[in-house]
Amino acid sequence: MERCGKKNFKLDKEIKLFSSENRGLLLNKIKSQSFDITIIGGGITGAGICLDAVSRGLKVCLIEMNDFASGTSSKSTKLIHGGLRYLEQFNFSLVRETGRERAVLYSIAPHVVKPEKMLIPISKGGKLSSFLTSLALYVYDFLANVKKKDKKRSLSKESIYNIEPLLINENIQGGVIYSEYRTDDSRLTIEILKKSYRIGAYPINYVKYISSQNYQNNLSQLKCRDQISGKEFQINSKVIVNAAGAWVDNVVIGKKNKLLLSKGVHIVIPKNKLPLKQSVYFDAVDDRMIFAIPRRETVYIGTTDTLYDRSLDNIRVKKEEVVYLLNSVNKFFEPEIKIDDIISSWVGLRPLIKENKKNITEVSRKDEIFISQDGIISIAGGKLTGYRKMAERVLKQVSKKINIPFSTSQTHKIKISTSSFEICFKKVSNNFNEKTSKKLFNRYGEDILKIHKIYIDLLKKHKVKLLVFSELIYCIENEMCHNLTDFFTQRNSMAYFEIQKIQKEVELFKNLYIELKGKSRKVFLKEEKELEEYLKKISTFI
Ligand SMILES: Cc1cc2nc3c(=O)[nH]c(=O)nc-3n(C[C@H](O)[C@H](O)[C@H](O)COP(=O)(O)OP(=O)(O)OC[C@H]3O[C@@H](n4cnc5c(N)ncnc54)[C@H](O)[C@@H]3O)c2cc1C
């Protein structure tokens, strides 16, 4: 059945294919037709390409070998930014493009992209001088076309302490405050995938690309494995796009490696240990700069930037990486943070394009497209912030390949969530207070209404008030969430920001979860064990 265009909406009402409970049906639909484009990788890059392609009326499939956004796209600093430090590399075009994209992303997804002021303290003998920082931020604001009221502002020594009283470095001489945006990276990715599904694409998780071969009539056949049943099957597609992030080289087997991987670690500290009021970008103990960003009841600190050439499975945070971040934060802020204060962490790999003789921190973050002999279009490098423009460049290549006219992308007009907070809040305020509503709206946009309905149904039928469980049911039925780990990581990120509440929540809903979702106790225990192992992994260091 055709999913592009109006018919899709009818189909969407008939059956929720983006529910993990209807996965078999979705798989059958994917197997039984051929696509214009099949994308490998369900991170932000793949999601952006998926939305761009389906909005042009193409038939699109996307496969992700694990959960959506489980790769680097849930492990970033979660900033929608132009990358001030790329000015050092004189990468003006990257700063200009990503800088301008910030406002576009805010306009299409204001529920998940929020303005954020960033403070840079200037210290005597520090990496940045007051003059150079001001100049760099002037250029930054200019390239990014920042509105006058949001342009950078210089701060005296006195006013910087008013803005952030926890700064201790006696050498601080003043500072600068400038405009950025923050996001929730995995939510942004999943929201885009959900939108592309609703327009007519077929994104599916837990399907791994194995290999491909030319088939007939300019079709390629992708050999894939369903990671849940273990069964192999084929997908037919005119074009294959490799958006596999750090795994890009693995997909293009036998070709010279294009990528250099850089490991980036973040640690999470409860806000009561470091009650930071303001996001700060400050000098680390070496010649780099790192961020400290308040979020919910926590502050996260990162990132490291070191060459990584080990296995891509089971990447762990090392104690020495944690010590580097702690030493850096303790140099600038008080009270002192100790390793035992850390409640959670995440680690991601930046897929960077190799450049001769350059040190890992100097390698450009620009994206690059390359087409291999077997015709696979691969994209690597880039940033979360630039996903729309990267998608547009890929679609230009796709258009050439399937011989259709290319036009500029229209995704800047596609609102990811169409309703405002105020409208939604009116409809849920009898049961959800403003704080809860904001939290849910910032994750799910107008779909807070669906979560509210689930919550009310549970209350009526089972006499329970289970908010997190309502969220879980919503994610299973609308976001292809398969298990507890998918939920507490990529869906609501409690694993990183509210890790201490998870066990209690699971206790509260486990019997209903087993009953309502038809899980056997054995399956539930397996899910619970996997979740426990994951939580242990992110809260301990090797
Ligand atoms: C520490 C750190 C901080 C960062 N901070 C920022 C920031 O603040 N702002 C910003 O704009 N950018 C930031 N970035 C960059 C940004 O996070 C990445 O550029 C972006 O997330 C990469 O997305 P991706 O989709 O290309 O890769 P991924 O998110 O890794 O997605 C690739 C996906 O492909 C899947 N895959 C691989 N092989 C297969 C296969 N055979 N079959 C099916 N699926 C497969 C993987 O499972 C994975 O989910 C940061 C990066 C790091 C590492």
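Two strands are said to pair here if DSSP finds at least two bridges between them, a cut-off that will be needed in the sheet part of this tour. The model on screen is a predicted one, and every value below is computed from it.

**Stop 1: from β4 to β12**

Select strand β4 (residues 113-123) and β12 together, and note that they pair in the parallel sense over two bridges, which meets the cut-off of at least two bridges. To see one of these positions, show methionine 118, whose bridge partner in β12 is serine 279. Then colour strand β12 (residues 279-283) by burial: five of its five residues are buried, so the strand is largely enclosed by the rest of the structure.

**Stop 2: along the hairpins to β14**

Move next to β13, which pairs with β12 in the antiparallel sense over four bridges; the two strands form a hairpin with five residues between them. Phenylalanine 282 is a useful place to zoom in, since its bridge partner in β13 is isoleucine 290.

Continue from strand β13 (residues 289-295) into β14, where the pairing is again antiparallel and runs over five bridges. Here isoleucine 293 has tyrosine 300 of β14 as its bridge partner. The hairpin of β13 and β14 has two residues between the strands, and within this hairpin arginine 296 takes a positive phi near 45°.

Now isolate strand β14 (residues 298-302), in which five of five residues are buried. Turning the strand about its axis shows that both of its faces are covered, with Thr298, Tyr300 and Gly302 buried on one side and Val299 and Ile301 buried on the other.

**Stop 3: β11 and β16**

Add β11 to the selection: five bridges join it to β14, and the two strands run antiparallel. Histidine 266 can be found opposite glycine 302 of β14. β11 also pairs with β16, in the antiparallel sense and over 10 bridges, and one residue pair to display there is isoleucine 267 with its bridge partner in β16, serine 345. Like β14, β16 is mostly covered, nine of its 10 residues being buried.

**Stop 4: the ligand**

Both β11 (259-270) and β16 (344-353) lead to the next selection, because each of them supplies at least two residues of the shell around the ligand, as do α3 (44-55), β2 (60-64) and β8 (207-214). Where does the ligand lie with respect to domain 1 and domain 3? Colour domain 1 (7-72 + 187-258 + 366-413) and domain 3 (267-353) separately: both give residues to the shell, so the ligand lies between them.

Of the 36 residues around the ligand, those that come nearest are Thr45, Glu64, Ser73, Leu79 and Thr385. By class, the shell divides into 12 nonpolar, 18 polar and six charged residues.

Three polar contacts are worth drawing as distances:

- Glutamate 64 has a side-chain N or O atom 2.6 Å from an oxygen atom of the ligand.
- Leucine 79 places a polar backbone atom 2.7 Å from a nitrogen atom of the ligand.
- Isoleucine 44 has a backbone N or O atom 3.2 Å from an oxygen atom of the ligand.

With these contacts shown, switch on the surface: the ligand taken alone exposes 1000 Å², and the protein buries 97% of that.

**Stop 5: helix α15**

Select helix α15 (residues 484-491), in which eight of the eight residues are buried, so that the helix is largely enclosed by the rest of the structure. Among the buried residues are Leu484, Phe487, Phe488 and Arg491. At the N-terminal end, asparagine 483 acts as a cap, with a side-chain oxygen 3.1 Å from the backbone nitrogen of threonine 485. Just after the helix, serine 493 takes a positive phi of about 50°.

**Stop 6: two single residues**

Is serine 179 buried or exposed? This residue sits in strand β6 (residues 172-183) and counts as buried because its relative accessibility is 9%, where the cut-off for buried is under 20%. Its side chain reaches the backbone oxygen of aspartate 150 at 2.6 Å.

Finish at phenylalanine 425 in helix α11 (residues 421-428), which at 21% relative accessibility counts as partly exposed. Phenylalanine 425 and lysine 438 are 13 residues apart in sequence, and their C-alpha atoms are 8.2 Å apart in space.

Notes. Residues numbered from 1 in each chain as written. Predicted model: local features only at pLDDT ≥ 70, side-chain atom pairs only at ≥ 80, totals over all residues. Heavy atoms only, no water. Near = heavy atom within 4 Å. Polar contact = N/O pair within 3.5 Å; in protein donor to acceptor, adjacent residues only side chain to side chain. Areas by Shrake-Rupley, 256 points an atom, 1.4 Å probe, with all protein chains shown as cover. Nonpolar A, V, L, I, M, F, W, Y, C, P; charged D, E, K, R; others polar. Domains from an automatic or database assignment. Buried < 20%, exposed > 50% of the residue type's maximum accessible area, 1.4 Å probe, protein only.
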